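Please open the structure in your viewer and keep the selection panel at hand. The tour proceeds by selections, each followed by a note on what is found there.

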Amino acid sequence: MTVQPKGSHFINGAYVEDTAGDAIPVVFAATGDTLATLHAGTPAIIDQALTAAHAAQKDWATWSPRERGRVLTRAAQIMRERNEDLSQLETLDTGKPIQETRVADATSGADALEYFGGLAGSLTGEHIPLGEDWVYTVREPLGVCVGIGAWNYPTQIACWKAAPALACGNAMVFKPSETTPLCALKVAEILIEAGLPKGVFNVVQGMGQTGAQLVTDPRVDKVSLTGSPATGKKVYAAAAAEMKHVTMELGGKSPMIVFDDADIENAVGGAILGNFYSSGQICSNGTRVFVHKSIKEKFLARLAERTAQAVIGDPREDETSIGPMVSEAQMNIVLGYLDKGKADGARLICGGTRLDRDGFYIAPTVFADVTDDMTIAREEIFGPVMAVLDFEDEAEVIARANDTPYGLAAGVFTKDISRAHRVIGQLQAGSCFINSYNDAPVEAPFGGVKASGVGRENSKQAIEHYSQMKSVYVRMGDVEAPF
Ligand code: TXE
């Protein structure tokens with residue numbers, strides 16, 4: 001599979017190149033080989049993309065919502081038909097195992113296109129009777145949206161932003177992460193093939209600086225970022241200066257609570273999903289695993305047994321369940337946290353090292369006897385590093401679980417259903433799970449509270465973040481003025 005695209009950018013329905021932009025090497029994380037070289041968007045490229053989006057949005061907004069929906073639904077079908085190719089590209093772009101990308105990436109993208117494609121026709125205003133007079137409301141697009149992606153789910157993130165934006169009649173310029181720039185180009189190609197007018201969805205590559213130029217451009221009405229809390233603060237501030245609409249999908253340090261009556265196999269499964277899937281590079285991961293003292297050793301023993309069964313290997317091979325980190329830089333960040341965990345005196349149950357092979361591999365790591373003040377319990381690591389903490393009672397664990405600036409996700413494992421709902425009700429998080437972890441169906445709102453973000457992706461909620469309501473008061477009689 002050649003992965004070098006026809007151009008770095010996709011603007012106004014076609015691939016565009018400008019080699020004056022800084023080089024962006026695409027490195028295959030399993031070997032360190034450079035698979036392709038793209039170029040960052042220059043001011044000329046940014047202007048071209050925003051000009052195309054601005055012009056195309058005017059026509060796109062006049063289509064009936066159902067017609068817009070038809071294009072998105074068709075794009076979903078094409079993505080499903082091409083799932084294997086898109087998954088292989090996602091594996092090369094991110095280093096994630098093909099057994100994951102086949103079921104979690106292009107499929108989730110197609111789900112979003114299908115969901116919002118189906119929803120589009122029902123995006124209406126309302127009639128508000130006031131007796132003789134009445135008000136009617138009109139759901140209007142925001143205009144030109146900028147989407148900025150993180151590197152861990154490039155295809156899914158592009159679709160989770162494009163689908164609701166386009167369904168509402170907006171146009172979008174999407175900047176993928178410079179670490180995984182390939183997949184969003186395929187999404188743009190497929191949308192055109194599905195009948196999307198040129199210029200409605202565009203892709204511009206680049207680092208943070210290109211993102212900042214897009215965010216501050218006066219032609220931009222909405223910014224939706226998926227990224228780190230640090231970047232979120234910068235982008236939010238830049239958008240606020242021009243009073244732009246924003247969605248912030250940021251990081252987390254989410255708790256997973258395992259009560260003494262939990263089904264151990266399911267709780268261990270949830271901890272594995274919430275810490276080792278995608279080599280732990282998932283924002284909503286449950287990286288603080290609070291286990292009731294009475295079952296801690298049983299939980300750790302079963303966890304170590306199952307973690308030893310992980311197949312660490314080339315992500316292109318079907319049996320591989322753990323691949324490399326996305327980049328050398330991210331691997332080094334995680335290695336730093338392994339050192340901190342050891343230095344802080346956490347008990348190493350398994351892993352804890354880089355693997356002695358080509359590529360950016362880290363062994364799935366479990367630390368136990370972790371205390372709330374340890375760095376590995378406070379900071380987002382974004383790697384295969386699980387911190388297991390123990391607790392005694394419900395009130396104590398809820399207070400400790402909420403003792404973080406973040407609030408993206410939370411999980412509870414217990415057979416006591418009223419306890420499950422009672423505890424989830426007190427946890428400060430946007431996306432929560434009972435006896436499960438990290439399910440993200442597009443029908444459900446996804447997003448964080450506190451420093452983990454603003455707004456929601458997916459579900460009908462997302463529509464509120466990609467449209468605005470105009471209300472029109474209609475007087476049937478005469479106007480009574482004081483004079
Ligand atoms: O983020 P970065 P990364 C979070 C995850 C982790 C981080 C990892 O929790 O914290 O993302 O992704 C662009 N103005 N989530 O390292 O560095 C940059 O080019 C405009 C949360 O990619 O913040 C990239 O495209 N743009 C999540 C993007 O911002 C700027 C799901 C993110 O980069 C910029 C996945 C600037 N000043 C990961 N600086 C969720 N909650 O859904 C950088 N960028």
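Begin by selecting residues 365-368, strand β15, together with residues 385-391, strand β16: the two pair in the parallel sense over three bridges. Strands and helices here are DSSP runs, numbered from the N terminus, with at least two residues (E) for a strand and at least four (H or I) for a helix; two strands pair if DSSP finds at least two bridges between them. Within this pair, T365 stands opposite V385 of β16.

The model is a predicted one, in which local features need pLDDT of at least 70 and side-chain atom pairs count only at pLDDT 80 or more, while totals for chains, interfaces and linings use all residues. Residues are numbered from 1 along each chain as its sequence is written, and side-chain values use heavy atoms, with hydrogens and water left out.

**The seven-stranded sheet**

Extend the selection to the whole open sheet, whose seven strands follow the order β14-β15-β16-β13-β12-β18-β19 with mixed pairing. At its edges are β14 (347-350) and β19 (431-434), each of which pairs on one side only. From one strand to the next, the twist averages 20°.

Next, add residues 394-401, helix α14, which packs on the sheet and touches β12 (255-258), β13 (288-292) and β16. Contact here means heavy atoms within 4.5 Å. The direction of α14 makes about 145° with that of β16; axes are lines fitted to C-alpha atoms, for helices over the stretch in contact, and angles run from 0 to 180 degrees between N-to-C directions. Then select residues 417-426, helix α15, which also packs on the sheet, touching β12, β18 (409-413) and β19. Its direction makes about 165° with that of β19.

**The three-stranded sheet**

Move to the open sheet with the order β5-β6-β22 and antiparallel pairing. Because β5 (127-130) and β22 (467-474) stand at the edges with a single partner strand each, one side of each is left without a neighbour in the sheet. Four bridges join β5 to β6 (residues 133-141); select H127 to find its bridge partner in β6, Y136.

**The ligand**

Finally, select the ligand and the 29 residues around it (those with a heavy atom within 4 Å); G149, S228, T231, L250 and E380 come nearest. By class, this shell has 14 nonpolar, ten polar and five charged residues. Helix α9 gives the largest share, four residues.

Which side chain has an N or O atom 2.7 Å from an oxygen atom of the ligand? Select E178 to see that pair. At A212, a polar backbone atom lies 3.5 Å from a nitrogen atom of the ligand. At E249, a backbone N or O atom lies 3.4 Å from a ligand nitrogen atom.

Definitions and conventions. Polar contact = N/O pair within 3.5 Å; in protein donor to acceptor, adjacent residues only side chain to side chain. Nonpolar A, V, L, I, M, F, W, Y, C, P; charged D, E, K, R; others polar.
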